[in-house]
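Here's a quick briefing to read alongside the model. Have the viewer open and follow along topic by topic.

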Amino acid sequence: MKKWMVRFLAAICCLSMLAGCGSQEGQATSGKTMKEGESVQTVVDQIAEEIGIQMPADVDDSILKDIFYLETDQVEAYAGKMAVTMTSADNVMAVQAKPDQVETVKEALERRLTDVQNAFAQYLPDQSEKAQKGQVVQRGNYVFLLILGESSDTYDSDMERAIQIIDDAF
């Protein structure tokens with residue numbers, strides 16, 4: 001189990017180090033829409049700035065597919081940041097799903113949440129707790145994965161702040 005976890009986390013680090021900027025912009029076609037000037041990228045950037053992500057790297061098309069289980073043809077736009085260190089569970093992902101792909105996107109982000117929870121379950125107690133408090137949040141065609149927080153004392157308030165940032169974008 002330890003070898004598997006080390007290999008898994010090493011693969012994440014390698015993929016993250018190769019990552020470039022991977023945001024794509026598109027217009028919402030139904031459901032809730034973001035306010036003018038807001039996008040999945042601005043939401044991710046604000047969460048990263050206000051709450052923080054340890055050693056962040058941007059999510060690109062290959063990480064979207066390999067780590068988040070999504071294809072670019074399933075999304076209108078996406079932006080994400082994840083920790084490139086094996087000692088942090090931090091993941092912030094925002095996806096504007098194509099209207100017929102919302103459930104698929106939600107399931108993919110829930111799968112990623114489960115992966116992170118399993119990866120840290122026997123590894124680092126504080127990061128395991130952070131991962132357990134992670135959430136997938138949906139607002140219309142927009143789906144967000146949030147695994148973040150400064151410390152175990154602030155995980156709940158950091159998560160509430162991240163959700164407030166999302167809600168303020170609509």
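Before we get to who meets whom, one cut-off: a contact here means heavy atoms within 4.5 Å. With that in hand, Leu113, Val116, Gln117 and Phe120 in helix 4 meet Gln127, Ser128, Ala131 and Gln132 in helix 5. Keep in mind that this is a predicted model.

**The overall picture**

- The protein has six helices and five strands, and reading from the N terminus the order is α-α-β-α-β-β-α-α-β-β-α.
- Of its 170 residues, 50% count as buried.
- Take the contacts in the protein with a separation of 6 or more: 70% of them come from residues 24 or more positions apart.

**Helix 4 and helix 5**

- How do helix 4 and helix 5 (residues 125-132) cross? Their axes come within 8 Å, at an angle of roughly 160 degrees.
- Angles over 145 degrees count as roughly antiparallel, so that is the label for helix 4 and helix 5.
- The crossing of helix 4 past helix 5 is left-handed.
- Phenylalanine 120, one of the helix 4 residues that meet helix 5, is buried, with a relative accessible area of 2%.
- Phenylalanine 120 and glutamine 132 sit 12 residues apart in sequence, and their C-alpha atoms are 9.2 Å apart in space.
- On the helix 5 side, Gln127, Ser128, Lys130 and Ala131 are buried. Looking down the axis of helix 5, these buried residues fall within an arc of 160 degrees, so they line one face of the helix.
- Helix 4 is one of the partners that the buried residues of helix 5 pack against, along with strand 5 and helix 6.

**Helix 2 and its surroundings**

- Which residues of helix 2 (residues 40-50) are buried? They are Val40, Gln41, Val43, Val44, Ile47 and Ala48. Around the axis they cover an arc of only 165 degrees, which puts them on the same side of helix 2.
- The buried residues of helix 2 pack against strand 2 (75-83), strand 3 (91-97), strand 5 (142-147) and helix 6 (155-168).
- The axes of helix 2 and helix 6 come within 10 Å and cross at roughly 150 degrees, so the two helices are roughly antiparallel to each other.
- Helix 2 passes helix 6 in a right-handed crossing. Val43, Gln46, Ile47 and Glu50 of helix 2 make the contact with Arg161, Ala162, Ile165 and Ile166 of helix 6.
- After helix 2 comes glycine 52, with a positive phi near 100 degrees.

**The nonpolar cores**

- As background, nonpolar side chains in soluble globular proteins tend to be buried together.
- The largest nonpolar core has 26 residues, and the members touching the most other members are Val59, Phe68, Met93, Val95, Val105, Leu109 and Leu145.
- Helix 3 (61-66), strand 2, strand 3, helix 4 (102-120) and strand 5 each give two or more residues to this core. Helix 4 gives the most, with eight residues.
- What does valine 105 touch, leaving aside its neighbours within four places in sequence? It is in contact with Leu70, Gln74, Val75, Val95, Ala97 and Val143.
- Apart from this core lies another, of 24 residues, with Val44, Ala48, Tyr142 and Phe144 among them. Val44 and Ala48 also appear among the buried residues of helix 2.

**Two buried residues to click on**

- Valine 59 lies in the loop between strand 1 (56-58) and helix 3. Is valine 59 buried or exposed? With a relative accessible area of 1%, valine 59 is buried, because the cut-off for that is under 20%.
- Valine 59 and asparagine 91 are 32 residues apart along the chain, and their C-alpha atoms are separated by 9.8 Å.
- Glutamine 96 is found in strand 3, and at 2% relative accessibility glutamine 96 counts as buried too.
- The C-alpha atoms of glutamine 96 and alanine 77 are separated by 5.1 Å, with their positions 19 residues apart along the chain.

Terms used. Residues numbered from 1 in each chain as written. Predicted model: local features only at pLDDT ≥ 70, side-chain atom pairs only at ≥ 80, totals over all residues. Heavy atoms only, no water. Buried < 20%, exposed > 50% of the residue type's maximum accessible area, 1.4 Å probe, protein only. Arc of directions from axis to C-beta. Core = buried A, V, L, I, M, F, W, Y, C linked by side-chain atoms within 4.5 Å. Axes fitted to C-alpha atoms, helices over the stretch in contact; angles between N-to-C directions. Parallel < 35°, antiparallel > 145°, perpendicular 65-115°, else oblique. Left-handed = near helix turned anticlockwise from the far one by under 90°.
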